[in-house]
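Subject: Structure handover

Hello,

Here is the structure I promised to pass on to you. Please open it beside this email, so that you can look up each place as you read.

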Amino acid sequence: MITQELLVSGRVQGVGFRYSASQLAQQLGVTGTVQNLPNGQVAIMASAEADVLANFAQQLRTNLSPWIQVSQLKITDRAPQHFTAFRIII
């Protein structure tokens, strides 16, 4: 199990991105958090097996909704964390 921080830029606030990311994470078995940042980005902390996180990141880029447009996804490895679920931070 590994943990990554994903910083997502683009049209990702006010379009259901956090909810869609949460639903995708639950489908794939990813745990962690998602939250809007004041600068317009969305931050995701995600824990799962490496191949699951790679699939999660790929689907975040392309398959969420026609209203969401991800222009950049920066992935940084973090110290492993053990979340119990995937939740939206308001």
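Below is what was found in it, starting with the whole chain and ending with single residues.

**The whole chain**

Please keep in mind that this is a predicted model. The protein is built from two helices and five strands. If you trace the chain from its start, these elements come in the order β-α-β-β-α-β-β.

As for overall size, a compact globule of 90 residues would be expected to have a radius of gyration near 12 Å, and the protein agrees with that at 12 Å. Along the principal axes, the C-alpha atoms fit a box of roughly 30 × 25 × 20 Å. Of the 90 residues, 40% are buried. The accessible surface is about 5100 Å², and carbon and sulfur atoms account for 50% of that.

How much of the contact pattern joins residues at least 24 apart? Counting contacts between residues at least 6 apart in sequence, the share is 78%. You will meet several such pairings further down.

**Charges and the salt bridge**

The protein has 6 positive and 4 negative charges, and the mean positions of the two groups lie 14 Å apart. In general, side chains of opposite charge can pair when their charged atoms come close. Here the structure holds one salt bridge. The partners are glutamate 5 and arginine 78, whose side chains meet at 2.5 Å, N to O. This pair ties together distant parts of the chain: glutamate 5 belongs to strand β1 (residues 2–11) and arginine 78 to strand β4 (residues 69–78), with their positions 73 residues apart in sequence.

Are the two partners buried or exposed? Glutamate 5 has a relative accessible area of 18%, so it counts as buried. Arginine 78 comes to 39%, and therefore it is classed as partly exposed.

**Around strand β3**

Strand β3 covers residues 42–48, and serine 47 sits in it. With a relative accessibility of 1%, serine 47 is buried. Which residues surround it? Beyond its neighbours within four places in sequence, serine 47 is in contact with Met1, Ile2, Thr3, Gly29, Val30, Thr31, Leu53, Gln81 and Phe83. One of these is worth finding on your screen: isoleucine 2 is 45 residues away along the chain, yet its C-alpha atom is 5.5 Å from that of serine 47.

Alanine 43 is another residue of strand β3. Its relative accessible area is 9%, which means alanine 43 is buried too. Apart from neighbours within four places in sequence, alanine 43 has contacts with Leu6, Leu7, Thr33, Val34, Gln35 and Leu37. For a further distance to check, the C-alpha atoms of alanine 43 and serine 9 are 9.2 Å apart, with 34 residues separating them along the chain.

Glutamine 41 lies in the loop between β2 (31–36) and β3. Although it is in a loop, glutamine 41 is buried at 19% relative accessible area, because the cut-off for buried is under 20%. Setting aside residues up to four places away in sequence, glutamine 41 touches Leu7, Val8, Ser9, Gln13, Gln35 and Asn36. Leu7 and Gln35 are thus found among the contacts of glutamine 41 and also among those of alanine 43.

**On helix α1**

Helix α1 spans residues 17–28 and includes tyrosine 19. Tyrosine 19 is exposed, at a relative accessible area of 53%. How far is tyrosine 19 from aspartate 77 in space? Their C-alpha atoms are 23 Å apart, and in sequence the two are separated by 58 residues.

Glutamine 27 is also in helix α1. Its relative accessibility is 64%, so glutamine 27 counts as exposed. From its C-alpha atom to that of alanine 54 the distance is 14 Å, and the pair is 27 residues apart along the chain.

If you would like a place to start, try the salt bridge between glutamate 5 and arginine 78, then move on to serine 47 and its contacts.

Best wishes

Key: Residues numbered from 1 in each chain as written. Predicted model: local features only at pLDDT ≥ 70, side-chain atom pairs only at ≥ 80, totals over all residues. Heavy atoms only, no water. Helix = DSSP H or I, 4+ residues; strand = E, 2+ residues; numbered from the N terminus. Rg over C-alpha atoms; globule rule 2.2 N^0.38 Å. Buried < 20%, exposed > 50% of the residue type's maximum accessible area, 1.4 Å probe, protein only. Contact = heavy atoms within 4.5 Å. Areas by Shrake-Rupley, 256 points an atom, 1.4 Å probe, with all protein chains shown as cover. Lys, Arg positive; Asp, Glu negative; His and termini not counted. Charge placed at Lys NZ, Arg CZ, Asp CG, Glu CD. Salt bridge = Lys/Arg side-chain N within 4 Å of Asp/Glu carboxyl O.
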